[in-house]
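Visitor: Please give me a close look at a single part, one side chain and its contacts. Then carry on from there to the neighbouring themes you find worth seeing.

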Amino acid sequence: MTSAAAQRIASLRTEIERHNHAYYVLDAPAIPDAEYDKLFRELQGLEEKHPELLSADSPTQRVGGKVLDGFAPVRHAVPMLSIRTETDTEDSGAFNFDTRVRNALGSPDDNIEYACELKFDGLAINLRYQGGVLVQAATRGDGETGEDVTQNVRTIHCIPLHLNDCDAEVLEVRGEVYMSRRDFNRYNDKQRAQGLPTLVNPRNGAAGSIRQLDPALAARRPLSFFAYGLGEVQGWALPATHSAILDALQSFGMPVCADRAVVQGAAALAAFHAAISAKRDALPFDIDGVVYKVNSLNLQDELGFVSREPRWAVAHKYPAEEQLTVVRDIEIQVGRTGKLTPVAKLEPVFVGGTTVSNATLHNADEIRRKDVHIGDTVIVRRAGDVIPEVVGVLAERRPAGARAFVMPDICPVCASRVVREEGEVDARCTGGLFCAAQRKQAILHFAGRRAMDIEGLGDKLVEQLVDEGIIHSLSDLYRLDEATLAALERMAEKSAQNIVAALQKSRNTTLNRFLFALGIRHVGESTAKDLARHFGKLDAIIQADAERLLAVPDVGPVVAQSIVDFFSEAHNIEVVQQLRDLGVQWQEHDGVSTEPLPLSGKTFVLTGTLASLGRDEAKSRLEALGAKVAGSVSKKTDYVVAGAEAGSKLEKARELNVPVWDEQKLLDQLQECEKA
């Protein structure tokens, strides 16, 4: 039995690591997450049952380990030296390096072969493999002695715990631990939402994660790795070139960046520098330059070192992505959803390849946590397409007249109240339908298919209508005519006619659709239906206090207060009344009754095309009569309504002997129930 278990464990480890490589290195997952989890759980179960078969290179051993008291020192067998930097961002950096190499080699011809790579902005790490198994990971430290960070590095899924087809007695792989921009932003967004500290930048995020004394905390930080060289090597015949070493490392399962090239001569080095510069902002990770290395290992040996720097390599830098500047003021920007974002107005500074004069401060909690004052000297970061951000303060440079920031309680755009809901980090304007900053978003939501369903009223048209001052509020939509629309750029006469017709059609709606269309915070489709069913009339909802709203199923304190806040704003009531005056209407009733609705407790499933009603209208009318409309057929389904081209749901209904109605039968039943 143990033999069979050992074989299965070995097979699972190989398969799981193959999937790890596909997911974390190739970004091309081969199986769904659920299937991966199934394999992982099976391996965990077998290792628990057979602890004698557990080994350090098992994928189950990546996360965890005891909290460390500190990091043990690691003496590097081969020093981790830094390389010379060319700060000239123009072509001369490449030509200077090539000239030095040719002079040192006594080679006048422009035919030296170079390996070109990216200079990653992370933390340098040395990975020591013995017999293909990862046994130690260490930081650079002072180049001679680093820190043992093995437990934390093992949590990085793209770093293989066991190399493929590598029989080297010792193979030290050197590279960079980094955090991608996407992972950095996701992590910080999550931290902000929970009111927790954020990371300053991806580089500090990577370094701080690796130097966490608790490996479980390190495991929660999303890190990646690229290999770019070797340390000590025993029992492996080195290839002839640096580029071949990288190819070999990749064949062992080690992640190696695809943005690399082998070129000849200074002009080709400069072209590589320019090409990477052009795509720098689009890269998924931060770099601060490119690296040139003489490709031949024999020539590297001949060139040797000077002042502990290799003569055969150089880093050619790009403009810095962090700079110091001064906060001149802090202003408020109101977003399309009403969110208030503090923005630092800066002394203009050149950072990340452009001049920056504004930077986001995210929210009041972030300002308080970073202790940003007006007048402070701050670190500003701009990387790629990311909005410039204030990431730190030099408190020792704070002037005597520096002022603390206070979040306003009145919207600077529309003068509506500003609220911050319990448990949320963002302050929001309650202006809703009235606030000019939220106008485009409010109109697009109002016109949406599940709201007022105004066909043809999309982003570009709404942008034109608002930017040209034709629409100032929702009610202005119903004042549009064909002539006004046809006069717009890229708007044909027929398109104008269609939009006017769609607006006319949308005047006849349902109370739940109208409520949803108003864009009341926290009021989704389902809540809008519950409100319409419970109160029956819009005026009853407008006049309801929080206590009465809490009587509606699934309406909690946050939703109730949001509804009260919305209708307590006079301008929102004014927009609603204008819409009613312009002919927007719906059927109303007297609200909830002690008598059950005609279809209460009945579950329907709709399938196929309903030519007369349409699926949305059918669902809305059924739900108004108390029915539940489900998405799949089960034994609990009472009726299936089958339209044209009904598919698998109809077959399932027949298998389970669920009664099937056609569209006419549904119409007859709806009319009968609605009369009752």
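Guide: Start with the side chains of E389 and H362. A polar contact of 2.9 Å joins them. Keep in mind that this is a predicted model. E389 belongs to strand β19, which covers residues 389-393. Is E389 buried or exposed? Its relative accessible area is 7%, so E389 counts as buried; the cut-off for that class is under 20%. Which residues does E389 touch, leaving aside those up to four places away in sequence? They are R192, A359, T360, H362, K370, I379, V380 and R381. H362 is thus both on the contact list and the partner in the polar contact.

Now turn to a sheet. Four strands make an open sheet in the order β5-β4-β7-β8, and the pairing is antiparallel. At the edges are β5 (133-139) and β8 (224-234), each paired on one side only. From one strand to the next, the twist averages 25°. Take the pair formed by β7 (residues 170-178) and β8: it is antiparallel and runs over 8 bridges. Within it, E176 stands opposite F226 of β8. Helix α8, residues 242-251, packs on this sheet and touches β7 and β8. The direction of α8 makes about 110° with that of β8.

F226 will return in a moment, with other rings. The structure holds 15 aromatic pairs. Take F120 and F285. Why is this pair edge-to-face? The ring centres are 5.8 Å apart and the planes meet at 65°, so the pair falls in that class; the cut-off is over 60 degrees. F120 sits in strand β3 (residues 113-120), while F285 sits in the loop between α9 (266-279) and β10 (287-294). The pair therefore ties together parts that are 165 residues apart in sequence. Both partners are shielded by the same test: F120 is buried at 7% relative accessibility, and F285 is buried at 5% relative accessible area.

F285 has another ring partner, F226. This pair is also edge-to-face, with 5.5 Å from centre to centre and 75° between the planes. Here too distant parts of the chain are linked: F226 lies in strand β8, F285 in the loop between α9 and β10, and they are 59 residues apart. F226 is buried, with a relative accessible area of 11%. Put the ring pairs together and you get a cluster of F120, Y178, F226 and F285.

One more ring, with a charge this time. The charged end of K665 sits over the ring of W661, at 5.7 Å from the ring centre.

Last, helix α22, residues 615-624. Which of its residues are buried? They are A618, S620, L622 and E623. What do they pack against? The partners are helices α16 (511-517), α17 (525-535) and α24 (663-675), plus strands β25 (603-607) and β26 (628-630). A reminder on helix geometry: with 3.6 residues a turn, residues three or four places apart in an α-helix point the same way. After α22 comes G626, with a positive phi near 100°.

Key
Residues are numbered from 1 along each chain as its sequence is written. This is a predicted model: local features need pLDDT of at least 70, side-chain atom pairs count only at pLDDT 80 or more; totals for chains, interfaces and linings use all residues. Side-chain values use heavy atoms; hydrogens and water are left out. Helices (H or I, at least four residues) and strands (E, at least two) are DSSP runs, numbered from the N terminus. Buried means under 20% relative accessible area, exposed over 50%, partly exposed in between (1.4 Å probe, protein chains only). A polar contact is a pair of N or O atoms within 3.5 Å; within protein, one must be able to donate a hydrogen and the other to accept it, and residues adjacent in sequence count only if both atoms are side-chain atoms. Contact means heavy atoms within 4.5 Å. Two strands pair if DSSP finds at least two bridges between them. Axes are lines fitted to C-alpha atoms, for helices over the stretch in contact, and angles run from 0 to 180 degrees between N-to-C directions. Rings of Phe, Tyr and Trp (its six-membered ring) pair if their centres lie within 6.5 Å; planes under 30 degrees apart count as stacked, over 60 as edge-to-face and the rest as tilted. A charge sits over a ring if NZ of Lys or CZ of Arg is within 6 Å of the ring centre and within 35 degrees of the ring normal.
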